[in-house]
Amino acid sequence: MRYTVHWTSPSGPSKEPHDLGARAAERAMTFASMGASEVYVETSDGRVFWAPAQMAALVQYAQTADAE
């Protein structure tokens, strides 16, 4: 499955693709801790997980989705 990390920094909105949900969660947490706003991970099936509150749920979801 594909995961896209989205965030907004002072220079504007950005996004970064990842193949693993755990890696996407790590990157989302990094951007959130650096002060970026509107940080979330969107999956290729349309689910959205907001950082930092829903990163544990993303990792749990990815364990199943990435195993397929």
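Let's start with Glu38, which sits in strand 3 (residues 37-43); strands here are DSSP runs of E with at least two residues, helices are runs of H or I with at least four residues, and both are numbered from the N terminus. Glu38 is not a glycine, yet its phi is positive, at about 50°. Its relative accessible area is 54%, so Glu38 is exposed (exposed means over 50% relative accessible area, buried under 20%, and partly exposed in between, with a 1.4 Å probe and protein chains only).

A word on what you're looking at: this is a predicted model, in which local features need pLDDT of at least 70 and side-chain atom pairs count only at pLDDT 80 or more, while totals for chains, interfaces and linings use all residues. Residues are numbered from 1 along each chain as its sequence is written, and side-chain values use heavy atoms, with hydrogens and water left out.

Now for the sheet. It is open, built from 4 strands in the order 2-1-3-4, with antiparallel pairing; two strands pair if DSSP finds at least two bridges between them. Strand 2 (12-18) and strand 4 are the edges, each pairing on one side only. From one strand to the next, the twist averages 20°. Strand 1 and strand 3 are antiparallel partners over 5 bridges, and one bridge to look up is that of His6, whose partner in strand 3 is Tyr40.

Then come the helices. Helix 1 lies across strand 1, strand 2 and strand 3, and runs at about 5° to strand 1. Helix 2 lies across strand 1, strand 3 and strand 4, at about 145° to strand 4. For these angles, axes are lines fitted to C-alpha atoms, for helices over the stretch in contact, and the values run from 0 to 180 degrees between N-to-C directions.

What ties helix and strand together at the level of side chains? Aromatic pairs are part of that story, as the pair of Trp7 and Phe31 ties together parts of the chain. The structure holds 3 aromatic pairs (rings of Phe, Tyr and Trp, the last by its six-membered ring, with centres within 6.5 Å; planes under 30 degrees apart are stacked, over 60 edge-to-face, and the rest tilted). Among them, Trp7 and Phe31 are stacked, at 3.7 Å centre to centre with 15° between the planes. Trp7 belongs to strand 1 (residues 3-9) and Phe31 to helix 1 (residues 21-33), so this pair joins parts that are 24 residues apart in sequence. Trp7 counts as buried at 12% relative accessibility, and Phe31 does too, at 10%. Another pair, Phe49 with Tyr61, is tilted: 5.6 Å centre to centre and 40° between the planes. It links strand 4, home of Phe49, to helix 2, home of Tyr61, across 12 residues. Phe49 and Tyr61 are both buried.

Both of those rings lead us to Thr43, back in strand 3. Leaving aside residues up to four places away in sequence, Thr43 touches Met1, Arg2, Tyr3, Phe49 and Tyr61, where contact means heavy atoms within 4.5 Å. Thr43 has a relative accessible area of 4%, so it is buried. Its side chain also makes a polar contact with the side chain of Asp45, at 2.3 Å (N or O atoms within 3.5 Å; within protein, one must be able to donate a hydrogen and the other to accept it, and residues adjacent in sequence count only if both atoms are side-chain atoms).

Last stop: a cis peptide bond joins Ala51 and Pro52, with omega about 0°. You'll find Pro52 in the loop between strand 4 (48-50) and helix 2 (55-65).
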